[in-house]
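Got the viewer open and a selection box ready? Let's take a walk through this model, one pick at a time.

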Amino acid sequence: MADKPLPAVGYLKIPENGKPYLQGCKCSSCGAVFLGERDNCSKCGARGGMEEVQLSNQGELYSYCIVHRSFPGIEVPYVSAIVDLEGGGTVKGNLINVEPEPDKIPFGMPVEVVYDDALGRKDRDGNSYLSYFFQPR
């Protein structure tokens, strides 16, 4: 069992002496920014010119869906959101600390990325996980 929580996804980085962050990559040819690692640019097609970057924790709500049915053990309703981050990168995750009502969730709403326990879930070895969420700014 790990002493500290493990990242819930590979692009969530937890530095030894620092704050968690989402990792992306940036094309050295066209400047497009993507979540996670990739070898080639999906925008301009450039090969081998991707550089790792730390993505911003600030962004705007691009789209969302209020989920009313899910797997057993998952509380509903919850808000699944797509966020455009400042400086580039688009990320999908859950929007928290907001009522799951369409009139309470305006498109373009400023949000921030927050890092927290992955809903208390543990793997079979007892490891806990750190995840990311969005919340209104």
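Here is a tour in a few stops, moving from a strand to the cores and then to a pocket.

**Stop 1: strand β3**

Keep in mind that what you are looking at is a predicted model. Select residues 21-27, which make up β3. Six of the seven residues in this strand are buried, leaving β3 mostly covered.

Now bring up the strands that pair with β3. Residues 12-13 are β2, which pairs with β3 in the antiparallel sense over two bridges. To see the match-up, click on leucine 12 and look across to leucine 22 in β3.

Next, add residues 50-54, strand β5. The pairing of β5 with β3 is antiparallel too, with five bridges joining them. Here glutamine 23 sits opposite glutamine 54 of β5.

Then select residues 33-35 for β4, which pairs with β3 through three bridges, again antiparallel. Cysteine 25 has phenylalanine 34 of β4 as its bridge partner. Follow the chain through the hairpin of β3 and β4: there are five residues between the strands, and glycine 31 takes a positive phi near 85°.

**Stop 2: glutamine 23**

Go back to glutamine 23 in β3. Is this side chain's residue buried or exposed? Glutamine 23 counts as buried, because its relative accessibility is 6%, and the cut-off for buried is under 20%. Show what surrounds glutamine 23: leaving aside neighbours within four places in sequence, its contacts are Tyr11, Lys13, Leu35, Gly36, Glu37, Glu52, Val53 and Leu55.

**Stop 3: the nonpolar cores**

Which residues have the most contacts inside the largest nonpolar core? Select Leu22, Leu95, Ile105, Tyr115 and Phe134; the core as a whole has 22 residues. Two or more residues come from each of β3, β6 (58-67), β7 (78-85), β8 (90-95), β9 (110-122) and β10 (128-136). Colour β7 if you want the largest share, which is four residues.

Zoom in on leucine 95 next. Beyond its neighbours within four places in sequence, leucine 95 is in contact with Val79, Ala81, Ile105, Met109, Val111, Phe134, Gln135 and Pro136.

There is also a second, separate core of seven residues; Cys27, Phe34, Ala46 and Met50 are among them.

**Stop 4: valine 83**

Move along β7 to valine 83. Valine 83 counts as buried because its relative accessibility is 0%. Not counting residues up to four places away in sequence, valine 83 touches Gly59, Glu60, Leu61, Tyr62, Gly89, Thr90, Val91, Val111 and Phe134. While you are here, draw a distance from valine 83 to proline 110: the pair are 27 residues apart in sequence, but C-alpha to C-alpha they are 9.3 Å apart in space.

**Stop 5: the largest pocket**

Rolling a probe the size of a water molecule over the atoms shows where empty space is left. For the last stop, centre the view on Ile74, Tyr78, Asn94, Leu119 and Phe133, the lining residues that lie nearest the centre of the largest pocket. The pocket has a volume of about 660 Å³, and 25 residues line it. β7, β8, β9 and β10 each give two or more residues to the lining, with the largest share, four residues, coming from β8.

What classes of residue make up the lining? Colour by class and you will find 16 nonpolar, six polar and three charged residues.

Definitions and conventions: Residues are numbered from 1 along each chain as its sequence is written. This is a predicted model: local features need pLDDT of at least 70, side-chain atom pairs count only at pLDDT 80 or more; totals for chains, interfaces and linings use all residues. Side-chain values use heavy atoms; hydrogens and water are left out. Buried means under 20% relative accessible area, exposed over 50%, partly exposed in between (1.4 Å probe, protein chains only). Two strands pair if DSSP finds at least two bridges between them. A nonpolar core is a set of buried Ala, Val, Leu, Ile, Met, Phe, Trp, Tyr and Cys residues joined through side-chain atoms within 4.5 Å. Contact means heavy atoms within 4.5 Å. On a 1 Å grid over the protein atoms alone, a cavity is a set of points where a 1.4 Å probe fits but cannot get out, and a pocket is an open set with protein on both sides within 12 Å along at least five of seven lines; lining residues have an atom within 4 Å of a point. Grid points are joined across faces, edges and corners, and a volume is the space filled by probe spheres set on the points. Ala, Val, Leu, Ile, Met, Phe, Trp, Tyr, Cys and Pro count as nonpolar, Asp, Glu, Lys and Arg as charged, and the others, Gly among them, as polar.
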